[in-house]
Amino acid sequence: MNARELAVSAEYVVAIETGDDWREAIEHVAEAEGVASAWFTGTGTVDDADVWHYDPASEEHRAVRFDEPLTVAACVGGVSAAADGDGAFARPHAVLTRPSGQAVGGYLNAATAVEGTVHLRAFEESFDQPTDATPEP
Amino acid sequence: MNARELAVSAEYVVAIETGDDWREAIEHVAEAEGVASAWFTGTGTVDDADVWHYDPASEEHRAVRFDEPLTVAACVGGVSAAADGDGAFARPHAVLTRPSGQAVGGYLNAATAVEGTVHLRAFEESFDQPTDATPEP
Amino acid sequence: MNARELAVSAEYVVAIETGDDWREAIEHVAEAEGVASAWFTGTGTVDDADVWHYDPASEEHRAVRFDEPLTVAACVGGVSAAADGDGAFARPHAVLTRPSGQAVGGYLNAATAVEGTVHLRAFEESFDQPTDATPEP
């Protein structure tokens, strides 16, 4: 492991609105605020979800699609500069729950928001995030 | 989406104690410390849980009751002023796990704590949270 | 409940690397940085997981072993001084997901990392964490 100390540049509460893509909404905030890197946690409700799982053996992702309303019981992730240097790239992971309470989740590549609240801390320094397990889309 | 910048007023570690209601314990801290708004994450153990799921189609909640000990594997949420202006209202979402490891969760309306630790950041500014998906109880 | 105010000493992004034990990697950062206490959230991928569930009735833990690649959809926990005063003790809780999206989790006693990113806030003050539900290993 290695650890890098960060200095906070600003802290935000983000309201994700009906129809927003969950991941893009976070990226739009980062871009609008000129954020180099950030860390976030959040909760909410989505109408569907495109969830990825990284398989270390094949080094490939498996995507699972959920076409149903799901509660975002927990969302955690980082924002860094996009690989092409153009804009921000958010890597949200999420645990999503059904009306029965059953939980599913993984890397949340896309999801249509009903509503959401995300707490985001922006840092002065950029940092890289793993690219194997959460590749550029 | 929209983003609002926040200034931190204080940061706390909260020990939730045996018999506390998980949500009310967070609200009591916010009220005792005069917190206008806050964001928190936490873990712990509960003896039962009343979990809500918001259904966007009917705009209603479905409640599921778990009468069993559960590990709070992840809890994320915000605190804002109660709708009637009297006191604090916490909106915890949680992922809860059984001895088998199976995970359930959603909006954690109520739960009897065995123990818990919650990290809470309080802000100078108040902020609204979605009321459709996490209504006043 | 009771709440204790904390002063932040530093904030880090931790890259957990292939082969690291998830919990030990966090402890090593805390020890290397001389951290008295900390709170963290994280995401990643692991190759296996040893998950504990605390049973309040028997006051014992039940361990479940997962020998399969899992996505760390959410990890939340604290770091405090080890009970013997020698080094740091991290208490990560985690929600882990399978390729199908199915979520499992609990107290993450051990896990072999594929990769991970952990955001860690270190505090000036030490704080105790519950020892009943998350005992020293």
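How many bridges pair strand S3 (residues 37-46) of chain C with S9(C), and in which sense, parallel or antiparallel? The two strands pair in the antiparallel sense, over ten bridges. That is a handy place to enter this structure, which is a predicted model.

**Confidence**

The model scores ipTM 0.93 and pTM 0.94. For chain A the average pLDDT is 91, and 93% of the residues score at least 70. Within chain A, confidence is highest in strand S8 (residues 103-110), at 98, and lowest in strand S1 (residues 2-5), at a mean of 90.

**The sheet around S9(C)**

On its other flank, S9(C) pairs with strand S2 (residues 8-16) of chain C, in the antiparallel sense and over eight bridges. A good residue to follow here is C:Thr117 in S9(C): C:Thr43 stands opposite C:Thr117, and C:Ala15 has C:Thr117 as its bridge partner. Strand S9 (residues 113-123) of chain C is mostly covered, with eleven of its eleven residues buried.

Stepping back, these strands belong to an open sheet of nine strands with antiparallel pairing, in the order S1(A)-S2(C)-S9(C)-S3(C)-S6(C)-S7(C)-S8(C)-S4(C)-S5(C). The edges are S1 of chain A and strand S5 (60-66) of chain C; each has a single partner strand, so one side of each is left without a neighbour in the sheet. On average, neighbouring strands of this sheet are turned by 30° against each other, direction ignored. Strands of a sheet pair through backbone hydrogen bonds, either parallel or antiparallel.

Towards the S5(C) edge, S4(C) and S5(C) run antiparallel and are joined by seven bridges. There, C:Trp52 has C:Ala63 in S5(C) as its bridge partner. Helix H1 (residues 22-32) of chain C lies across S1 of chain A together with S2, S3, S6, S7, S8 and S9 of chain C, and runs at about 145° to S7(C).

**Aromatic pairs**

Over all chains, the count comes to six aromatic pairs. Two of them are set out here.

| Pair | Centre to centre | Angle between planes | Class |
|---|---|---|---|
| B:Trp52 and B:Tyr107 | 5.6 Å | 55° | tilted |
| C:Trp52 and C:Tyr107 | 5.6 Å | 55° | tilted |

In chain C, C:Trp52 lies in strand S4 (residues 49-55) and C:Tyr107 in strand S8 (residues 103-110), so the pair ties together parts that are 55 residues apart in sequence. C:Trp52 is buried, with a relative accessible area of 16%, and C:Tyr107 is buried at 1%. In chain B, both B:Trp52 and B:Tyr107 are buried.

**A buried glutamate in chain B**

Is B:Glu115 buried or exposed? B:Glu115 is buried, with a relative accessible area of 8%. Its place is in strand S9 (residues 113-123) of chain B. The C-alpha atoms of B:Glu115 and B:Trp22 are separated by 9.1 Å, although these residues are 93 apart along the chain.

**How the copies are arranged**

A turn of 120° and a shift of 0.0 Å along the axis lay chain A on chain C with an RMSD of 0.0 Å. The two copies are thus related as by a three-fold rotation axis. The copies use different surfaces: 15% of the contact residues of chain A recur in chain C. Of the residues of chain A, A:Ala103 comes closest to the rotation axis, with its C-alpha at 3.2 Å.

Note on methods: Residues numbered from 1 in each chain as written. Chains lettered and ligands numbered in written order. Predicted model: local features only at pLDDT ≥ 70, side-chain atom pairs only at ≥ 80, totals over all residues. Heavy atoms only, no water. Helix = DSSP H or I, 4+ residues; strand = E, 2+ residues; numbered from the N terminus. Buried < 20%, exposed > 50% of the residue type's maximum accessible area, 1.4 Å probe, protein only. Least-squares fit on C-alpha atoms with pLDDT ≥ 70 in both. Contact = heavy atoms within 4.5 Å. Phe/Tyr/Trp six-rings, centres within 6.5 Å; stacked < 30°, edge-to-face > 60°. pLDDT = per-residue confidence, 0-100. Pairing = 2+ DSSP bridges. Axes fitted to C-alpha atoms, helices over the stretch in contact; angles between N-to-C directions.
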